[in-house]
Every structure is written in C-alpha cells, then in structure tokens.
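Could you walk me through this model in my viewer, one selection at a time? I would like to know what to pick next and what is there.

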Amino acid sequence: MAIIQNWLPPSRENWETVCFIWQFFPVITAFQWVLDWYPQGKTSTDSRFNIPGKIGWATMESAGFIVLLYNMFTLPSELGIEELPWGNWTMAGCFVIHYVYRALVSPLFLNPSMSPIHPLVWTLAFLFQVFNATSLSGWLAGYGPTTVNDWAGRYWAMEIGLVVWAWGLLGNIFHDDDLREIRRAADRKQRKEAEKLGRPVDGVDKVYMIPKNGLFALVLYAHYLCEWIEWAGFWMVGGWKCVPARVFLVNEITTMLPRALQGKRWYEKKFGKDKVGSRKAIIPGLV
Ligand SMILES: NC(=O)c1ccc[n+]([C@@H]2O[C@H](COP(=O)([O-])OP(=O)(O)OC[C@H]3O[C@@H](n4cnc5c(N)ncnc54)[C@H](OP(=O)(O)O)[C@@H]3O)[C@@H](O)[C@H]2O)c1
C-alpha cells in the first residue's frame, strides 16, 4: 500500500529525481563553511522555538530507517519482485542497526543530556534522512540489484566491506560513549558532593571537557571519523555501482567536515590552544 502515491514507495521516475537532487546536497552545506551559526549541540542557542535535544534527535533521525524499511517491504511487490536477494537485506540491516542506535538507543537510553536543537537544524536533518533513505531504499528495494546473480562474483568485497562497516560502527559507539562518560563522571561527582553538603545536584547539561581516550588523543571528532569509516565500508558492500551509498558517504563528509572544523575552533576558544594541543579536527595528522 502506498502512503503517498509514487513517492512512498517511489516510482522509478521519482526515485531517479530524488537521487539526482540528492547529489547536490554538498551545495547546501556551503553555508556551514561561511557561517558560524549552527544552533545545535555545543553551539546551540537560546530560542523559544528550540526542540529538546533528546526528542529532536529521536524524531529527526528515525525518519531514515522508517522510510527505508517501509520501501523495502512495499516496493518489491509493486514491482512484481517475489524476493529480494540477501545482499539487499544485508545493506538494509546495516542501515537500520546504525539508525536504531543513533535515533533511539543513544538519545533516549544512553546519553546523559543533549543540547536543544533549533527547528531549522531539525528540519534539515529530517530532510537529509528522508532523501537519503529514499535514495538508498529505491536501489535496495527494486531499482538496483534484484537477483542473487546481481551480487555474484564480489562476495569478497562484500565481506571486507562488512568488516569495515562493523569496525566503523563499533568505533563510533566507543567514542560516543567516551563523551557520555564525561557527563556520567560529572554527575557522579555532583551527586557525591550534593550528598556530603546536603545541596541539590546542578545537572550535567552543557558540561564539556576535552575527550582523550582512543582516537580522541589524535582528533577531536573521532566519532565522526569512525562514522565515515562505517559508511565507506557500507559503500564497499554495495560496490562501485551503488551510487546511493557513495552519495550518502560524500554528503555525510560534506556536512560533518565543516562541523568538526567549527568544533575545533570552539574547543580552542573554550579550553585554549595549548590544551587542545596537536589534535586535529577529524583526520589524524591532516585536518
Ligand atoms: N552533526 C552532524 O552533522 C552529524 C551527521 C551525521 C552523523 N552524526 C553522528 O551523530 C552523532 C552525534 O553527532 P553530534 O554532531 O551531536 O556530535 P557531538 O556534538 O560531538 O555531540 C555528541 C554528544 O556528546 C556530547 N558532547 C559532545 N562533546 C562533548 C564534550 N567535549 N564533553 C562532554 N560531552 C560532549 C553532546 O552534548 P551536547 O548536545 O550538549 O553538546 C552530545 O550529547 C555522532 O556520532 C556523529 O557521528 C552527526
């Protein structure tokens, strides 16, 4: 059943249009290179329109895996495809695993606190998810490979890609958790003092320190770097012909690179250049 005729799931023509437009996303991110205004996370602002961080992340990031799963379960039958090959389901599984972690587990269950998000950032992230999931799921659910033979001959590349994807995901989770530990430790300290002095705890909103473990010793945005590795592995699973996976990786890099560079300037301003030391923003020894 189509929720929006010819869009959800998409007709081939509409899917091709989405894929074409989606390639130009890096043009939109140009504003991130010239503007320091980015009302989310460390650089969130006070606005009465702000969305609470945890709810914002859960709602904007869930759109992707919901659209992808919906298309995976509806488009094949519309196209008369009886069964999608396991390669398609493997890639869909990778995407869903990542975004269940990112959209649900991380903000709703693991993160001690998250800064509020301006509706503009929420809207852009939501659109990112919808465009990206439509582009990927169109390819995975009927307009890309549709038989086991379409995957034949490149199982070794898929296996290496999956290993790279899994290490990237683990690295992303590990470094996310290192950031969480900063606030968990602050919370433990506050609670101890509150108990001793009989005063209320302040809360850990906007508590920041320079992370130091793992790849954070080399770069300030180690979690971003690991996410790039993850989606590079994902592209390797799909192969060179999987244009949606390539566009996904390129679009992530074009939005996360300026954000990490802005973040490095933020760390230097807050803690001083000497404390940041020789750490780069995102690529060890380079940027
Ligand atoms: N931002 C993007 O464009 C983007 C795009 C694609 C994927 N992602 C992925 O989404 C995840 C979150 O991205 P993000 O941009 O929100 O990352 P982030 O700014 O590093 O924040 C991640 C979480 O850690 C907290 N945090 C950040 N730096 C901290 C520090 N120095 N000390 C203590 N806590 C700190 C943040 O709290 P506050 O919210 O209070 O700052 C937030 O809860 C990352 O794993 C990233 O790979 C991000």
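Here is a short tour, from the whole chain down to a single residue.

**Stop 1: the whole chain.** Keep in mind that this is a predicted model. Show the protein chain as a cartoon and you will find 11 helices and 0 strands. Followed along the sequence, the pattern reads α-α-α-α-α-α-α-α-α-α-α. The radius of gyration is 21 Å, close to the 19 Å that the globule rule gives for 287 residues, so the protein chain is as compact as a globular protein of that length. Along the principal axes, the C-alpha atoms fill a box of roughly 70 × 40 × 40 Å.

Now colour by burial, if your viewer allows: buried residues are 33% of the 287 in the protein chain. A contact map is worth a look too, since among contacts with a separation of 6 or more, 85% join residues 24 or more positions apart.

**Stop 2: α4 and α5.** Select residues 53-78 for helix α4 and residues 86-110 for helix α5. Their axes lie 8 Å apart, and the packing angle is about 160 degrees. An angle over 145 degrees counts as roughly antiparallel, and α4 and α5 are therefore roughly antiparallel to each other. Their crossing is left-handed.

Turn on side chains for the contact:

- From α4, show Lys54, Trp57, Ala58, Glu61, Ser62, Gly64, Phe65, Leu68, Leu69 and Met72.
- From α5, show Ala92, Phe95, Val96, Tyr99, Val100, Arg102, Ala103, Leu104, Pro107 and Leu108.

Coloured by type, the residues of this contact split into 15 nonpolar, 2 polar and 3 charged.

**Stop 3: α8 and α9.** Next, pick residues 155-197, which form helix α8, and residues 222-238, which form helix α9. Here the axes come within 7 Å and cross at roughly 160 degrees. That makes α8 roughly antiparallel to α9. This crossing is left-handed. The residues in the contact of α8 with α9 comprise 15 nonpolar, 7 polar and 3 charged.

**Stop 4: Arg199.** Stay in this region and select Arg199, which sits in the loop between α8 and α9. Is Arg199 buried or exposed? Arg199 has 10 C-beta neighbours inside 10 Å, so it counts as exposed; the cut-off for exposed is 12 or fewer.

For a last step, add Glu16 to the selection and draw a distance between the two C-alpha atoms: Arg199 and Glu16 are 60 Å apart in space. In sequence, Arg199 and Glu16 are separated by 183 residues.

Note on methods
Residues are numbered from 1 along each chain as its sequence is written. This is a predicted model: local features need pLDDT of at least 70, side-chain atom pairs count only at pLDDT 80 or more; totals for chains, interfaces and linings use all residues. Axes are lines fitted to C-alpha atoms, for helices over the stretch in contact, and angles run from 0 to 180 degrees between N-to-C directions. Helices (H or I, at least four residues) and strands (E, at least two) are DSSP runs, numbered from the N terminus. Angles under 35 degrees count as roughly parallel, over 145 as roughly antiparallel, 65 to 115 as roughly perpendicular and the rest as oblique. A crossing is left-handed if the near helix is turned anticlockwise from the far one by less than a right angle, and right-handed if clockwise. Two residues are in contact if their C-beta atoms, placed from the backbone, lie within 7 Å. Ala, Val, Leu, Ile, Met, Phe, Trp, Tyr, Cys and Pro count as nonpolar, Asp, Glu, Lys and Arg as charged, and the others, Gly among them, as polar. A residue is buried if 20 or more other C-beta atoms lie within 10 Å of its own, exposed if 12 or fewer, and partly exposed in between; C-beta atoms are placed from the backbone. The radius of gyration is taken over C-alpha atoms; the globule rule is 2.2 Å times the number of residues to the power 0.38.
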